[in-house]
Amino acid sequence: MKKLVREAGLQHEIEVDSAGTSSYHCGDAPDTRAVECAAGRGLDISDLRSRPLSAEDFADFDLILAMDSQNIWNIDRKRPLGDKRYERAKVKKLLSYAPEYGEDVPDPYYGNDGFELVFDMVEAACRNLLDSIKK
């Protein structure tokens, strides 16, 4: 998404970040297969590090996207209650922007071609999301 936003010249208007719904992999780099898949598509994600979703994310972002139903549930549980500033962010599934792929992005960890398929899904959804933002 960052690359698409940059290519559209909107990097000063659209902020993109990534966070996990648990702290299990906090500080970890992406899976080497994800790094290789991204590199094959001209992206360098090797410097990314996992961070957990924070309360401030609900105040700082307009939209929080989840890969699957379990993550929607985890995100909803993390939203602070009782303070209007945390009501800002809408929470949606990423694939609501690419419904032709279904509802949930599958975990690519166990499939040989999983990372390529997931990358295709995520890229299609990001392209459609950016198109909807530009409109």
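Three exercises with worked solutions follow, on a predicted model.

Residues are numbered from 1 along each chain as its sequence is written. In this predicted model, local features need pLDDT of at least 70 and side-chain atom pairs count only at pLDDT 80 or more, while totals for chains, interfaces and linings use all residues, and side-chain values use heavy atoms, with hydrogens and water left out.

**Exercise 1.** Determine which side chains of strand S1 (residues 63-66) are buried.

*Solution.* Begin with the alternation along S1: Ile64 and Ala66 point to one face, whereas Leu63 and Leu65 point to the other. Next apply the cut-off, by which buried means under 20% relative accessible area, exposed over 50% and partly exposed in between (1.4 Å probe, protein chains only). Ile64 and Ala66 are buried, and Leu63 and Leu65 are not.

**Exercise 2.** Describe how helix H2 (residues 32-40) and helix H5 (residues 114-134) pack.

*Solution.* First take the geometry: the helices pack at an angle of about 55°, with their axes 9 Å apart. Then classify the angle: under 35 degrees counts as roughly parallel, over 145 as roughly antiparallel, 65 to 115 as roughly perpendicular and the rest as oblique, and H2 and H5 are therefore oblique to each other. Finally list the contact (heavy atoms within 4.5 Å), to which H2 gives Arg33, Ala34, Cys37 and Ala38, and H5 gives Phe115, Glu116 and Phe119.

**Exercise 3.** Characterise the surroundings of Asp120, a residue of helix H5.

*Solution.* Start with accessibility: Asp120 has a relative accessible area of 32% and is partly exposed. Then, leaving aside neighbours within four places in sequence, note that Asp120 is in contact with Arg41 and Tyr101.

How values were computed. Helices (H or I, at least four residues) and strands (E, at least two) are DSSP runs, numbered from the N terminus. Axes are lines fitted to C-alpha atoms, for helices over the stretch in contact, and angles run from 0 to 180 degrees between N-to-C directions.
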